[in-house]
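Please work through the following exercises with the sequence and the model in view. Each task is followed by a solution in steps.

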Amino acid sequence: METEEKLLNRITVNPKIMAGKPVIKGTRVPVEQVLRLLAQGITPEQILNDYPHLTKDDIMAALLYAAKITGKEEVYPVMSE
């Protein structure tokens with residue numbers, strides 16, 4: 001398996017590609033699409049069958065990217081009365 005840095009290098013953001021959404025480098029497949037498919041219960045193997053130009057490392061990169069983004073999210077708990 002690749003290092004985190006190498007995995008994250010598989011994700012690119014370009015305002016000219018998919019309106020600047022993060023995509024798998026060299027494709028027009030948004031990270032969001034990969035995450036939605038996984039959330040729907042589609043297995044990585046099924047995703048690779050449907051998107052043969054992707055690799056397992058691309059799927060892992062999408063997951064890592066999401067983890068990094070949500071890890072930076074600031075959450076402010078609201079106290080209930």
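## Exercise 1: A salt bridge between two helices

Lys 68 is partly exposed, its relative accessible area being 36%. The model is a predicted one.

**Task.** Determine which residue meets the side chain of Lys 68 in a salt bridge, and which parts the pair ties together.

**Solution.**
1. The partner is Glu 4, with an N to O distance of 3.1 Å.
2. This distance satisfies the criterion, because a salt bridge calls for a side-chain nitrogen of Lys or Arg within 4 Å of a carboxyl oxygen of Asp or Glu.
3. Lys 68 belongs to helix α4 and Glu 4 to helix α1 (residues 4-8), so the pair ties together parts 64 residues apart in sequence.
4. Glu 4 is partly exposed, with a relative accessible area of 44%.

## Exercise 2: Arg 10 and Asp 58

**Task.** Classify Arg 10 and Asp 58 as buried, partly exposed or exposed, and state where each lies in the chain.

**Solution.**
1. Arg 10 has 21% relative accessibility and counts as partly exposed.
2. Asp 58, at 7% relative accessibility, counts as buried, because the cut-off for that class is under 20%.
3. The two side chains meet in a salt bridge of 2.7 Å, N to O.
4. Arg 10 is in the loop between α1 and β1 (11-12), whereas Asp 58 is in helix α4; the pair links distant parts of the chain, 48 residues apart.
5. A network of salt bridges links Arg 10, Asp 57 and Asp 58.

## Exercise 3: A pair within one helix

**Task.** Locate the salt bridge between Glu 32 and Arg 36 and state how many residues apart the two are.

**Solution.**
1. The side chains meet at 2.8 Å, N to O.
2. Both residues lie in helix α2, 4 residues apart, which is about one turn of the helix.
3. Glu 32 is partly exposed, with a relative accessible area of 32%, and Arg 36 is likewise partly exposed, at 49% relative accessibility.
4. The count of salt bridges by this rule is 5.

## Exercise 4: The largest nonpolar core

**Task.** Identify which residues touch the most other members of the largest nonpolar core, and which element gives the most to this core.

**Solution.**
1. The core has 13 residues; those touching the most other members are Ile 11, Ile 24, Val 29, Val 34, Ile 47, Leu 54 and Ala 62.
2. The elements giving two or more residues to this core are α2 (31-39) and α4 (56-71).
3. Helix α4 gives the most, with 4 residues.
4. Leaving aside residues up to four places away in sequence, Ile 11 touches Pro 22, Val 23, Ile 24, Lys 25, Val 31, Ala 61, Ala 62 and Tyr 65.

Methods
Residues are numbered from 1 along each chain as its sequence is written. This is a predicted model: local features need pLDDT of at least 70, side-chain atom pairs count only at pLDDT 80 or more; totals for chains, interfaces and linings use all residues. Side-chain values use heavy atoms; hydrogens and water are left out. A nonpolar core is a set of buried Ala, Val, Leu, Ile, Met, Phe, Trp, Tyr and Cys residues joined through side-chain atoms within 4.5 Å. Buried means under 20% relative accessible area, exposed over 50%, partly exposed in between (1.4 Å probe, protein chains only). Contact means heavy atoms within 4.5 Å.
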